[in-house]
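Hi everyone, thanks for making time this morning. I'd like to walk you through a model I've been looking at, so please bring it up on your screens.

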Amino acid sequence: MDVSINGARVLGYINLPLFGDVQITQTLTAALLVMIIITGVLAWLGSGLTVTGISRKQAVAEMGYNAIVNFVRGNMGPNFDYYIPLVFAIFATSIVSNLISLLGIWSPTADLMTELAWGLVVFVNITYHKIKSSGIKEYLRGFLDPIPILLPINIMSECFTPVSMACRHFGNILSGTVISALVYAALVAANNALFNLLGSSLYVAIIVAVVGIALFLIGKKLGKKLPLVLGIIAAILGVLAVFTNLGVNYPWLTIGIPAIPSLYFDWFGGCIQAFIFCTLTTLFIKQAAGD
Amino acid sequence: MDLYQSLVTVNPVTLIAQICNLFIQLFLAKKFFLDKVKAILDQRREAADKEITDAQAARAEAEEIKRTYEQNMREARAKADDLLLNAQRSANSRSEEIIGQAQQAAAQIKQKAAADIEMEKKKALNDAKNEISGLALAIAGKVVARELNAADQEQMIDRFINELGGAV
């Protein structure tokens, strides 16, 4: 079994004046796609709004708007309404990027640079609010607290804020990707072992299928669940083994089964990480503003 | 053979591009969604506020109208009372005036009647006097015209007195 997990595929190179040859990766194209999807959905939701007699679509739009406003106000208080677009943009991009991998498209959030970009933007805002609330002198003096010898550690802790935010998100998405790849590889291996065994001769395959059908019929007649289920499984395996023996080679087990870990790692993880990133964004900025 | 990046790569171009993407996304979301929904919600709030303000204004107006109406009613009642009082007073004075006038007129009539009676009396007396003097003249004439005997004289005097008595 040979599993290799790679980063984004490099689609080509572009020569830029300052950077030399730069890689154009799947991350950029997927990010563009994500942006188009989000903007399209939002533009659709935001069109044809009326003051009275609202449509179902507008109810959804207003619900979403109120949710993000309440989220920002709940975490930051009423004085930070100008952060609503930023938090909303990060949340929407994050969640769509995480879930787009379900369609088999490379997820932009599986590239550390995406989260690092968001983390740096948030970091700039945090620093701005720290300097604004206490003044540049106090801010710089803060690095010498409580004793000047801690200066390098203070600087590191400051710089690691965006890195830790980025890595938390990236790590969770990456773990999903890794687990998915491992599960997929394992299923392919299991598939090969199983069908090599069953499909080694046509007779074995046919016998398995017939036994399965017989079990299924018996289970149905007696009204018992166990023979029924076993019968269905054996019948399907037998039929697939017949196909394999006839030369139709496909990793049958990878159909459907990877959706089970994906339910947690892609759906749950994707949603929760978007939420966590936005919560940290709002809380850090609020903390930096200090009031 | 496709070329892949390694799993964790620091790629400045991707980083910068993703920062730009974030701001573009922010701008697009704001322009096409957040601002529009916000505008609609604000409009709805304003409309609701306006409804409330209008209702309050209408209520104040109604109360004002009611107050004016009550005041007018009060004034009208006072005026009516006043009018009634005036009318009564004027009617009283008028009736007193009329009575006074009537009494005055009655007194005048009485006075005039008394004067008339007096005058009639005087006139009657004058007439009697004239009559008497006329009779006296006539008697004197008759006496003068004929020689009177005693019997005649007596008779004549009786007649004279009778005539005089009938004339009075």
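I'll start with confidence, then go to the contact between the chains, the sheet, the cores and finally one histidine.

Please keep in mind that this is a predicted model. For the complex, the predictor reports an ipTM of 0.80 and a pTM of 0.70. Chain A has a mean pLDDT of 86, with 99% of its residues at 70 or more. Within chain A, the element with the lowest mean is strand β2, residues 20-25, at 80, while helix α3, residues 84-99, has the highest, at 93. Chain B comes out at a mean of 87, and 93% of its residues reach 70 or more. If you want to know where to be careful in chain B, confidence is lowest in helix α2, residues 150-167, with a mean of 75. Helix α1 of chain B, residues 12-145, is where confidence is highest in that chain, at 91.

Now, how do the two chains meet? On the chain B side, 34 residues are in contact with 42 residues of chain A. Two elements of chain B give two or more residues to that side, namely β1 (3-4) and α1. Helix α1(B) supplies the largest share, 25 residues. By type, the chain B side divides into 21 nonpolar, 9 polar and 4 charged residues.

Let's turn to the sheet, which involves both chains. Three strands form an open sheet in the order β2(A)-β1(A)-β1(B), with antiparallel pairing. β2 of chain A and β1 of chain B are the edge strands, each pairing on one side only. Between the chains, 2 bridges join β1(A), residues 9-16, to β1(B). Which residue of β1(B) is the bridge partner of A:R9? That is B:Y4, and for A:V10 the partner is B:L3. As a general reminder, strands of a sheet pair through backbone hydrogen bonds. Back in chain A, helix α1, residues 26-45, lies across β1 and β2 of that chain and runs at about 50 degrees to β2(A).

Next, the nonpolar cores. The largest has 55 residues, and those touching the most other members are A:V87, A:F88, A:A89, A:I90, A:F91, A:A92 and B:A29. Chain A gives two or more residues to this core from each of α1, α2 (56-76), α3, α4 (112-141), α5 (151-198) and α8 (259-289), and α1 of chain B does so too. A:A89 is a nice place to zoom in: leaving aside neighbours within four places in sequence, A:A89 is in contact with B:L22, B:Q25, B:L26 and B:A29. Apart from the largest core lies another one of 13 residues, including A:F195, A:L198, A:V208 and A:L240.

Last stop: A:H129, which sits in helix α4 of chain A. Why does A:H129 count as partly exposed? Because A:H129 has 19 C-beta neighbours inside 10 Å, and buried would take 20 or more. Setting aside neighbours within four places in sequence, A:H129 is in contact with A:I285, A:A288 and A:A289. A:H129 and A:A289 are 160 residues apart along the chain, yet their C-alpha atoms are separated by 4.9 Å.

That's my tour, and I'm happy to take questions.

Technical notes
Residues numbered from 1 in each chain as written. Chains lettered and ligands numbered in written order. Predicted model: local features only at pLDDT ≥ 70, side-chain atom pairs only at ≥ 80, totals over all residues. pLDDT = per-residue confidence, 0-100. Helix = DSSP H or I, 4+ residues; strand = E, 2+ residues; numbered from the N terminus. Contact = placed C-beta atoms within 7 Å. Nonpolar A, V, L, I, M, F, W, Y, C, P; charged D, E, K, R; others polar. Pairing = 2+ DSSP bridges. Axes fitted to C-alpha atoms, helices over the stretch in contact; angles between N-to-C directions. Core = buried A, V, L, I, M, F, W, Y, C linked by C-beta atoms within 7 Å. Buried ≥ 20, exposed ≤ 12 C-beta atoms within 10 Å, placed from the backbone.
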